[in-house]
Amino acid sequence: MNSPLNYRQTHFITSAPDIRHLPQDKGVEIAFAGRSNAGKSSALNRLTDQKSLARTSKTPGRTQLINMFEVVGGCNLIDLPGYGYAQVPLEMKQKWQAALGEYLQKRECLQGLVVLMDIRHPMKDLDQQMIYWAVESRLPVLVLLTKADKLKSGARKAQLLKIREASLAFGGDVEVECFSALKGIGVDQVRRKLDIWFAPELARQQALLEENIDGMDNFPADSE
């Protein structure tokens, strides 16, 4: 297995209003989705140990575009527009939702979905719809119960067990973990999961590299 990726080297690539403005559909992308107040930007900043990789705001709904961040070549994290809650005009909200749906349905390099939800208010209708869609599309899902520091240890553990049990109804590959950007709860678990999801692309790149090296070794030397 490849060594753990260094998520501290993650950097911004582009923001796009829709998939037609994204780079070529190749490599592996892991998308982060959640309600506008779920703490996606804070989670991405904590996972990468960067204070302002993803823009955070006290006003939910600031992520209005599809934001792409590269960990290493061919391995990207995607910050999707938040759904629900945001106090913005209906027309703008519908535009975000169209971009979100199109990305999820048509982006072939999408290989995993992280769904973030406030541990105190989990599994809202839109959260469940997102998970059901991913399961139907045979995508693995990691549910992050964010703001886990808001609950005491016993209540946090009870909520985790409750949501893990509820997630069995989805079928498919759905895991649930607690997460706190403030306290660092769950950070290592998320990084390990991302490593697993990125591993096939890294292995593919390594195989190509070795193939090219072998090809150069077998190339006939110039004769005098």
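Accessible area here is the Shrake-Rupley area, computed with a 1.4 Å probe. The model is predicted.

**Exercise 1. Surface and burial**

Task: State how much area the protein chain exposes, what share carbon and sulfur atoms supply, and what percentage of residues is buried.

Solution:
- Start with the surface. The protein chain exposes about 12,400 Å².
- Split it by atom type. Carbon and sulfur atoms supply 50% of that area.
- Turn to the interior. A residue counts as buried under 20% relative accessible area. Of the 224 residues in the protein chain, 46% are buried.

**Exercise 2. Order of elements**

Task: Count the helices and strands, then give their order along the protein chain.

Solution:
- The protein chain has five helices and seven strands.
- Read from the N terminus, the order is β-β-α-β-β-α-β-α-β-α-β-α.
- Now check the contacts with a separation of 6 or more. Residues 24 or more positions apart make 74% of them.

**Exercise 3. The surroundings of β3**

Task: Find the pairing partners of β3 and decide whether this strand is largely enclosed or not.

Solution:
- Take β1 (residues 11-16). Five bridges join β1 to β3, and the two run antiparallel. Ser15 stands opposite Asn67 in this pairing.
- Take β4 (residues 75-79). Its pairing with β3 is also antiparallel, over five bridges. Here Met68 faces Ile78 across the pair.
- Inspect the link. β3 and β4 form a hairpin with two residues between them. Gly74, in the turn, has a positive phi of about 85°.
- Conclude on burial. Six of the seven residues of β3 are buried, so the strand is largely enclosed by the rest of the structure.

**Exercise 4. The nonpolar cores**

Task: Which residues have the most contacts inside the largest nonpolar core, and which element gives the largest share of this core?

Solution:
- The largest nonpolar core holds 36 residues. Leu80, Tyr103, Leu104 and Ile131 have the most contacts inside it.
- Trace the sources. Elements supplying at least two residues each include β2 (28-34), β3 (66-72), α2 (90-106) and β5 (110-118). Also among them are α3 (125-136), β6 (141-146), α4 (153-167) and β7 (174-178).
- Pick the main contributor. α3 gives the largest share, five residues.
- Zoom in on Leu104. Leaving out residues up to four places away in sequence, Leu104 touches Leu80, Leu110, Leu113, Met130 and Trp133.
- Look for another core. A second, separate core has 27 residues, including Leu77, Val114, Leu144 and Val187.

Terms used
Residues are numbered from 1 along each chain as its sequence is written. This is a predicted model: local features need pLDDT of at least 70, side-chain atom pairs count only at pLDDT 80 or more; totals for chains, interfaces and linings use all residues. Side-chain values use heavy atoms; hydrogens and water are left out. A nonpolar core is a set of buried Ala, Val, Leu, Ile, Met, Phe, Trp, Tyr and Cys residues joined through side-chain atoms within 4.5 Å. Buried means under 20% relative accessible area, exposed over 50%, partly exposed in between (1.4 Å probe, protein chains only). Helices (H or I, at least four residues) and strands (E, at least two) are DSSP runs, numbered from the N terminus. Contact means heavy atoms within 4.5 Å. Two strands pair if DSSP finds at least two bridges between them.
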